[in-house]
Amino acid sequence: MTEQPMSNHVPCFHSLAFGEIPKPDYADVCLAILPEGAGTDPTEWAERLFSLESMPRWVAGAMGLRQALVPLIGIPKAPRDTFKVTAQSGEEALIFVRDKHLNFAAAVGVDPVSRLIRVTTAVELKGWRGKLYFAVVRPVHPMVVNAMLKKATRS
């Protein structure tokens, strides 16, 4: 392997998620390999990933449990269209949700050259309700997103 010369280029990571939430309280990126012959439209992938019908059963069950429990701490139930695509730019489609307990941004990006699909999540917490809610969600969030990616890229 040859050694590459050092450059003055500073690495950076851009995502529509960080356009909505530039200083998140939580952020992650999950990746999967795009299946051979699969389309590269990020909006189609976002709609597929976040469709209740195409989510793994245990994820859909967790979403149902969330709907039942959040009113107990004063958080409203999520409307059915919560995960609708709100914007698309270039290789990313954005789902942005502004709520009283947190702001949530998920950008679904498709790189046709490297054949990767990624979900970049950014969360901004608001008050004690957001902190309490996300204390439960935080440990399982990457598992949920990876399960959604796995199912979507296999169907």
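**View 1. Strands S1 and S5 sit side by side in this predicted model.** The two strands run antiparallel, and eight bridges join them. S1 covers residues 26-33, and valine 29 is one of its residues. Want a single pair to look for? Find cysteine 30, then look across to its bridge partner in S5, valine 119.

**View 2. Strand S5 also pairs with strand S4.** Here S4 (residues 102-111) and S5 line up in the antiparallel sense, over ten bridges. One pair to pick out is alanine 107, which stands opposite threonine 120 in S5. Now follow the chain round the hairpin of S4 and S5, where four residues lie between the strands. In this hairpin, arginine 115 takes a positive phi near 60 degrees. How many residues of S5 are buried? Seven of the ten residues in S5 (residues 116-125) are, so the strand is largely enclosed by the rest of the structure.

**View 3. Threonine 120 is a buried residue of S5.** Is threonine 120 buried or exposed? Its relative accessible area is 0%, and buried means under 20%, so threonine 120 counts as buried. Leave aside the neighbours within four places in sequence, and there is still plenty to find around threonine 120. Its contacts include Phe13, Ser15, Ala17 and Phe18. Asp28 and Val29 are also on the contact list, as are Glu92, Ala105, Ala106 and Ala107.

**View 4. Valine 29 is partly exposed and belongs to a surface patch.** Its relative accessible area is 41%, which falls between the 20% and 50% cut-offs, so valine 29 counts as partly exposed. Together with Phe13 and Leu31, Val29 forms a nonpolar patch on the surface, and the three share about 270 Å² of accessible area. Setting aside neighbours within four places in sequence, valine 29 is in contact with Phe13, Arg118, Val119 and Thr120. You can also pick out valine 59, which is 30 residues away from valine 29 in sequence. In space, the two valines are 18 Å apart, C-alpha to C-alpha.

**View 5. The largest nonpolar core brings together 32 residues.** Start with Leu49, Val108, Ile117 and Leu149, which have the most contacts inside this core. Which elements give two or more residues to it? The strands are S1, S3 (92-98), S4 and S5, and the helices are H2 (42-49), H4 (127-137) and H5 (141-154). H5 gives the most, with six residues. As background, nonpolar side chains tend to be buried together in soluble globular proteins.

**View 6. Leucine 149 touches residues from several parts of the chain.** Leaving out neighbours within four places in sequence, leucine 149 is in contact with Cys30, Leu31 and Ala32. Its other contacts are Leu49, Ile117 and Val119. Apart from the largest core lies another one, of seven residues. Among its members are Ala17, Ala105, Ala107 and Ala122.

**View 7. Histidine 101 is buried in a loop.** The loop in question lies between S3 and S4. With a relative accessible area of 2%, histidine 101 counts as buried. What does histidine 101 touch, not counting residues up to four places away in sequence? Look for Arg66, Ile75, Leu125 and Lys126, and then for Arg129, Gly130 and Tyr133.

How values were computed
Residues are numbered from 1 along each chain as its sequence is written. This is a predicted model: local features need pLDDT of at least 70, side-chain atom pairs count only at pLDDT 80 or more; totals for chains, interfaces and linings use all residues. Side-chain values use heavy atoms; hydrogens and water are left out. Patches are made of residues with over 30% relative accessible area and no salt bridge: like charges are joined within 9 Å, nonpolar side chains (Val, Leu, Ile, Met, Phe, Trp, Tyr) within 5 Å. Accessible areas come from the Shrake-Rupley method with a 1.4 Å probe; for residues, only the protein chains shown count as cover. A salt bridge is a side-chain nitrogen of Lys or Arg within 4 Å of a carboxyl oxygen of Asp or Glu. Buried means under 20% relative accessible area, exposed over 50%, partly exposed in between (1.4 Å probe, protein chains only). Two strands pair if DSSP finds at least two bridges between them. A nonpolar core is a set of buried Ala, Val, Leu, Ile, Met, Phe, Trp, Tyr and Cys residues joined through side-chain atoms within 4.5 Å. Contact means heavy atoms within 4.5 Å.
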